[in-house]
Amino acid sequence: MSKESDKKQKTSSFKHLGVLRKALSKAHTGEIIYKTEREEDGQIIVTTGDLINDDETLHALEKLLTESIANCELITERIDEELENSTPPMVLTRAMNDIHWDAETLEELKKTFAKLPPIDVKMMPLHRYGYSDGLTYLMLYQESLKDEHFTTVKFFNECPAYTTLEQQIKVLVLGYCLGLINPQVSLKGKTKGAASSRRMSMASRILDKIRGM
């Protein structure tokens, strides 16, 4: 095995996704500081869990998501007040529309997400925030409702053939960083069944609308 391959394996932990998730889903204010394996520095300003929607932030975010990251940390203070009108960062969905990973990185990301325990997926109409592949996210959400022990491995295995691995990885990265994907919390008996039925009905209606667009 080459030294270059060894280096790539050592830096493919994707811990920076956890840093981004913490900043966005926990409504922090501060900045994400990172350094790539090529010794390039970057920073992303975060304000109450949201990002500045400009080209500079978009470029820094794309680099964070696609480069091999040597170090990443969140320098921040927590905003304790409840954010009643918070929305998911539009710049993250904008970045996700355009980024691409090579085949090797996609496989590493797949292995990383496959390690997650059973998950719950929250519904959010991401197409309203500029994400171009809301249909794949809805598929992820619907599949999670059908299975009480839904995992990312099942998502990878059960997606239609026309859905690419990159499409799957993108919605997982997006959902994970926005805090829409979380370890499963079990509910008991009929309460869970009734809630799942209502959510399935809502998801089906939204899915039909998107298919008709």
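# A guided tour, starting at helix 5

Begin by selecting helix 5, residues 103-114, which has 12 residues and reaches 16 Å from its first C-alpha to its last, close to the 16 Å expected at 1.5 Å a residue; the expected span is 1.5 Å times one less than the number of residues. Helices here are DSSP runs of H or I with at least four residues, strands are runs of E with at least two, and both are numbered from the N terminus. Before going further, note that this is a predicted model, in which local features need a pLDDT of at least 70 and side-chain atom pairs count only at pLDDT 80 or more, while totals for chains, interfaces and linings use all residues. Residues are numbered from 1 along each chain as its sequence is written, and side-chain values use heavy atoms, with hydrogens and water left out.

**Colour by confidence**

If you colour the model by pLDDT, the predictor's confidence in each residue from 0 to 100, you are looking at a chain whose mean is 82, with 76% of its residues at 70 or more. Over residues 1-11 the pLDDT is below 50, and this stretch has nine contacts in the model beyond near neighbours in sequence, a contact being heavy atoms within 4.5 Å.

**The buried side of helix 5**

Return to helix 5 and show the side chains of T105, L106, L109 and F113, which are buried, meaning under 20% relative accessible area, where exposed is over 50% and partly exposed is in between, with a 1.4 Å probe and protein chains only. These residues cover an arc of only 100° around the axis, which puts them on the same side of helix 5; the arc is that of the directions from the helix axis to the C-beta atoms.

**Aromatic pairs**

Stay on F113, which counts as buried because its relative accessibility is 5%, and add Y176. A search of the whole structure finds two aromatic pairs, where rings of Phe, Tyr and Trp (its six-membered ring) pair if their centres lie within 6.5 Å, with planes under 30 degrees apart counted as stacked, over 60 as edge-to-face and the rest as tilted. F113 and Y176 form an edge-to-face pair, 6.1 Å centre to centre with 85° between the planes, and since F113 lies in helix 5 and Y176 in helix 8, the pair ties together parts that are 63 residues apart in sequence. Next select F155 and F156, whose ring centres are 6.3 Å apart and whose planes meet at 40°, so this pair is tilted. F155 is buried at 2% relative accessibility, and F156 is buried as well, at 9%.

From these two rings, move to Q168, which is found in helix 8, residues 165-177. Is Q168 buried or exposed? At 5% relative accessibility, Q168 counts as buried, and, leaving aside neighbours within four places in sequence, Q168 is in contact with F155, F156, C159 and T163.

**Salt bridges**

Side chains of opposite charge can pair when their charged atoms come close. The structure holds seven salt bridges, each a side-chain nitrogen of Lys or Arg within 4 Å of a carboxyl oxygen of Asp or Glu. Select E40, which is partly exposed at 29% relative accessibility, and then R38, which is exposed at 56%; the two form a salt bridge, with their closest N and O atoms 3.7 Å apart. E40 also meets K63 in a salt bridge of 3.7 Å, N to O. This second pair links distant parts of the chain, with E40 in the loop between strand 1 (28-36) and strand 2 (41-47) and K63 in helix 3 (residues 55-66), 23 residues apart. K63 is buried, with a relative accessible area of 18%. Add E67 to the selection to see the network of salt bridges that links R38, E40, K63 and E67.

For another salt bridge, go to E143 and K146, whose side chains meet at 3.2 Å, N to O. Being three residues apart in helix 6, E143 and K146 are separated by about one helical turn. E143 is partly exposed at 24%, whereas K146 is exposed at 56%.

**Last stops**

Select S132, in the loop between strand 5 (119-121) and helix 6 (134-146), which counts as exposed at 61% relative accessibility. S132 and T93 are 39 residues apart in sequence and 8.3 Å apart in space, C-alpha to C-alpha. Finish at helix 2, residues 15-25, where H16, L17, V19, L20, R21, A23 and L24 are buried; helix 2 is followed by A27, whose phi is positive, near 55°.
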